[in-house]
Amino acid sequence: EFVNQIIATSSGSTTFGDSIDDVHRFTGSLEVSSSINIADSPHTGLAIGNSDDLQIYHNGTNSFGADNYTGDLIFQQRKDDGDIIFKNDDGSGGVTAYITLDGSATRTNVHKDLRFDDGEMLQLGTDGDIQFYHDGNNGFLSHSGAGNLIIQQAGDDRDIYFKSDDGSGGMTNYFYLDGSITKTVFAQSTQHADNAKATFGA
């Protein structure tokens, strides 16, 4: 056991122990001015905590940046207005940002597409009141909480368009809410099923 401080100077590498089973405990601080290389390990690697609760390692195939066994795993940025940026391969030999936790704007910015598997929902609201999902056959926008489901266009003189297949492999507008003339405009014919009524006026 090395107490308080140990200084190892070498023009090459400094090795402690001769076996992976060797244990060296340092009381105090360990300051390294260059690199620490840890060999491939099926588990553990760099172990942090009294019970090796947090482990960072490479198993020869994949890297495990934070293998946690106790409590929550917290990624925290303390720099004022600093960000946390998650990057990955850009498909062209470089790297690019996929998700940014923007500390100055206090929001999460998504820079690439998000894809949810069939049956998995995008839920909005504390109780998941609104759900967007695809069940493998159909797509759904569902509202199950308190209050009304409101579809709103806030742009001045802008419209809301309802489009569907045109019967020839394309898309066409069926009707739209025209915000400049405050009218509902039907661009295609309408058909009412038997006993269904269209009511006009008060």
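**Exercise 1. In this predicted model, determine whether D159 is buried or exposed, and which side chain of opposite charge is nearest to D159.**

Solution. Begin with the position of the residue: D159 sits in the loop between strand 11 (139-143) and strand 12 (160-165). D159 is buried, and yet no salt bridge is found for it. The nearest side chain of opposite charge belongs to R158, which is 7.5 Å away. A salt bridge would require a side-chain nitrogen of Lys or Arg within 4 Å of a carboxyl oxygen of Asp or Glu, so R158 at 7.5 Å does not supply one.

**Exercise 2. Find what the side chain of D159 reaches, and which residues D159 is in contact with beyond its neighbours within four places in sequence.**

Solution. Take the side chains first: D159 and Y161 are joined by a polar contact of 3.1 Å between their side chains. Turn next to the backbone, where the nitrogen of G179 lies 2.8 Å from a polar atom of the D159 side chain. Finally, setting aside neighbours within four places in sequence, the contacts of D159 are Q153, Y176, L177, D178, G179 and S180.

**Exercise 3. Locate D135, classify its accessibility, and work out which backbone nitrogens its side chain reaches.**

Solution. D135 is placed in the loop between strand 10 (130-134) and strand 11. Its relative accessibility is 37%, and because this value falls between the cut-offs of 20% and 50%, D135 counts as partly exposed. The side chain of D135 reaches the backbone nitrogen of N137 at 2.8 Å, and it also reaches the backbone nitrogen of N138, at 2.7 Å. Looking further along the chain, D118 is 17 residues away from D135 in sequence, while the C-alpha atoms of the two are separated by 5.1 Å. Apart from neighbours within four places in sequence, D135 is in contact with D118, G119 and F140.

**Exercise 4. State which strand holds D67, and which side chain it meets in a polar contact.**

Solution. D67 belongs to strand 5 (residues 63-68). Its side chain and that of Y57 are joined by a polar contact of 2.8 Å. Y57 also appears among the contacts of D67 outside the four neighbouring places in sequence, together with D53, L54 and Q55.

**Exercise 5. Explain why the phi values of T106 and T182 deserve a remark, and decide whether each residue is buried or exposed.**

Solution. Most residues other than glycine have a negative phi. T106, although not a glycine, has a positive phi of about 50°, and T182, again not a glycine, has a positive phi of about 50°. As for their places, T106 lies in the loop between strand 7 (95-102) and strand 8, whereas T182 is found in the loop between strand 13 (171-178) and strand 14 (183-186). T106 has a relative accessibility of 67% and therefore counts as exposed, and T182 is exposed with a relative accessible area of 68%.

**Exercise 6. Describe the protein as a whole: how many helices and strands does it have, and where is confidence lowest and highest?**

Solution. The count gives zero helices and 14 strands. Of the 202 residues, 9% are buried, and the accessible surface comes to about 17,200 Å², with 45% of it belonging to carbon and sulfur atoms. The average pLDDT is 88, and 88% of the residues score at least 70. Confidence is lowest in strand 1 (residues 2-4), at a mean of 45, and highest in strand 8 (residues 107-110), at 98. Over residues 1-6 the pLDDT stays under 50, and for this stretch the model has 13 contacts beyond four places in sequence.

Note on methods. Residues numbered from 1 in each chain as written. Predicted model: local features only at pLDDT ≥ 70, side-chain atom pairs only at ≥ 80, totals over all residues. Heavy atoms only, no water. pLDDT = per-residue confidence, 0-100. Helix = DSSP H or I, 4+ residues; strand = E, 2+ residues; numbered from the N terminus. Contact = heavy atoms within 4.5 Å. Buried < 20%, exposed > 50% of the residue type's maximum accessible area, 1.4 Å probe, protein only. Areas by Shrake-Rupley, 256 points an atom, 1.4 Å probe, with all protein chains shown as cover. Lys, Arg positive; Asp, Glu negative; His and termini not counted. Polar contact = N/O pair within 3.5 Å; in protein donor to acceptor, adjacent residues only side chain to side chain.
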